[in-house]
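Let's take a walk through this one, starting with the empty spaces inside and then moving on to a pair of helices.

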Amino acid sequence: MTGKNKSSTITTAGNKIWWITFGVLCGATFVTRFYKVLEPDHVCWDETHFGKMASWYINRTFFFDVHPPLGKMLIALSGKLTGYDGKFPFEKPGDKYNGANYEGMRIFCTTLGALIIPLTFLTIWEMTKSLDATFIGTILLLCDVGFLTLNRYILLDPILLFFMSCAIYGAFKVRTLTDSGQPPFSPRMLLWQVFLGWALACTMSVKFVGLFVVLFVGLRTLADLWNVLGDLTKPVTLTLKHLIGRSITLILWPIMLYVFFFWIHLTVLSKSGNGDGFYSSGFQARLEGNSLHNASAPRIVAYGALITLKNHRTGGGYLHSHHHLYPAGVGARQQQITTYTHKDDNNRWLIKPYEREQVEGVVPVRSGELVRLTHAATGRNLHSHRERAPISAKFLQVTGYGEDGIGDANDVWKIVVSGGKEGEEIQTVRSKLMLVHYLQACVLTTTGKQLPKWGYEQQEVACNPNLRDKNALWNVEDNLFDDLPKVSFEAYASGFLERFLESHAVMFQGNAGLKPKEGEVTSQPWQWPINYRGQFFSGSGHRIYLLGNPVVWWTNLLFLVVFFIIYVINSIKEKRAEAFGRPIPDGPERSLLNAAGWSFVGWALHYVPFWAMGRVLYFHHYFPALVFSSMLTGILTEYLLRSIKSYLSSELGRTIYHCAMGVIISTTVYSFYLFSPLAYGMSGPLAHEPNSTMSGLKWLESWEF
């Protein structure tokens, strides 16, 4: 046999093994992901949120959420195409579906979650061209029961992780093409870059944590351009061509897609819903069924008008009151004043001159005049005094005071148009107003802080001695006054770009202000890599518990530390070799270590930022980082086994190598078998109770299954 034929035979055999391995992993993925996928047949964990949002999309009802729209739109689309009519209420976890066509949405999310496994296989192969490293890294992810659990329900996470995996694979495919000398504008290069740009846009359009993979791809792209620039055999113009190509496909193209997804979102959700109040009056004027849509109101505000005041703070609510008093120990025991983000009769106020109850005829309210605001439902006046605000100690308390509009001098406010002239008329929607207390010289504002249960978790309203408070701006929205001609609200309606920008401002504020609900299980970033505590997806007779496979998670944690040590040692070795003029070996081990390094960077980008976040955090936030740590473990396992093998005789090295691979694979698969009831459902006693089948698996006291 000639050398050429022998090489061809080896290549053919290698391809056959590659396809068999890939096929086995795909088959195992299909079996593990779709086994009992429709159980339990009740609402599990956050299906209550995302199922409800899918219903709103199907019914075209506007709502507020802290995440971008693509994931929810895809869930809604899958439901619509499989017969779901958008009528199931998704009220709370544990509610039986009772004939609702939830199956299509759950299977759709499970399918995308399942595709992550073959994508991870292809990514590690693209990084290393090592089948062993690829197999180990992929099987770790395949056999993690936590990853399995998270990707089997109507959630955003499987969609996010799928698009993220597409982006990682695309980034390393582009690197391979760049290293092979593929021209920057060749059809193949452009096709993969367009795919990568599409994946980045989709990831960002599901959750804002998609920004982390955008940063990862950005670093990977800079490394590619640096390598091209460092090749002195190529002209500098080649680097410029690559830069132009990637600017178009990885920056402009994703931005266009991202804006397009929001255009679909805002077009589909055309009907008024419970999220309207988070948005400006101009935004609401575009929503069918909203009181501002195709509505009309007097252009100016006159004394005696019944009005609502909306705060200009992003996501700001309406000035609101109700019959309930501030509790003892919280300033004066007078009527509560808050802001409320939903439309309500308790948002209505009667505007009057400060010194009398009514005026004759039509008298416009003008900037600089003194007024009283009387709450329409309770007859109490908007009031402030020298008591401190309930939460913000440096501000003054605002209350409702008096009887049937009769109060005292602390009910008097000076109404001022921000940026306007003294004496100009107050206009509906357009005028940005400040209400300055006449005696206390403070300005009516909302702090954005949530009141406790006694304030029904509405927003605190206070009076700020700092008259430059940027959150002290209000506008008149509803303006009920029969003696003035009305103008259409169409003139105030926001265009697409205004609504696009406002949507983001409201989402960012909502994300930053997320707080845990009563009884909700939250966690801290230090708990995630050690698999400290899980999260119940389903209780009662069919318990599902989100918890990582401890064998996989603790191995990943160990290998993160091992990689750091190896990286430091190798960096010192390379520096010394460079100083002594010795060549640095450029074999497969160096390639593996480089791939492990990029996996470590990906893990750090998807984990470390959570330490700086002030919002509420949950265990499932770690799973994007888990993808990278599992890849790193697979790659580093191959690196270590190759290194050990190089110090031994050929036969002994091969034996130890294969034995180690066998132990790793069998241990991982067996640990999946042991912990699989966490994903597929447990019944009977809890692990800490007598006669529990799970008692031997409760390795940490903090595990609650």
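Keep in mind that this is a predicted model. Counting only cavities of 30 Å³ or more, we get 4 of them. The largest has a volume of about 90 Å³. What sits around it? The lining of this largest cavity takes in 13 residues, and those closest to its centre are Asp 65, His 67, His 265, Tyr 279 and Met 507. Two helices, α10 (236–268) and α12 (496–512), each chip in at least two residues of that lining. Sorted by class, the largest cavity is lined by 8 nonpolar, 3 polar and 2 charged residues.

Next comes the second largest cavity, with a volume of about 70 Å³. Its wall includes three histidines, His 606, His 620 and His 621. Lining it as well are Asp 157, Leu 160, Lys 207, Val 209, Phe 212, Phe 610 and Pro 624. The class split for this second lining is 5 nonpolar, 3 polar and 2 charged.

Now for the helix pair. Helix α5 (residues 131–142) and helix α15 (residues 623–646) have axes that come within 7 Å and cross at roughly 145°. The crossing of α5 past α15 is right-handed. On the α5 side, the contact is made by Asp 132, Ala 133, Ile 136, Gly 137, Leu 140 and Leu 141. Facing them from α15 are Leu 626, Val 627, Ser 630, Thr 633, Gly 634, Ile 635, Thr 637 and Glu 638. By class, this α5–α15 contact has 7 nonpolar, 5 polar and 2 charged residues.

Note on methods
Residues are numbered from 1 along each chain as its sequence is written. This is a predicted model: local features need pLDDT of at least 70, side-chain atom pairs count only at pLDDT 80 or more; totals for chains, interfaces and linings use all residues. Side-chain values use heavy atoms; hydrogens and water are left out. Axes are lines fitted to C-alpha atoms, for helices over the stretch in contact, and angles run from 0 to 180 degrees between N-to-C directions. Helices (H or I, at least four residues) and strands (E, at least two) are DSSP runs, numbered from the N terminus. A crossing is left-handed if the near helix is turned anticlockwise from the far one by less than a right angle, and right-handed if clockwise. Contact means heavy atoms within 4.5 Å. Ala, Val, Leu, Ile, Met, Phe, Trp, Tyr, Cys and Pro count as nonpolar, Asp, Glu, Lys and Arg as charged, and the others, Gly among them, as polar. On a 1 Å grid over the protein atoms alone, a cavity is a set of points where a 1.4 Å probe fits but cannot get out, and a pocket is an open set with protein on both sides within 12 Å along at least five of seven lines; lining residues have an atom within 4 Å of a point. Grid points are joined across faces, edges and corners, and a volume is the space filled by probe spheres set on the points.
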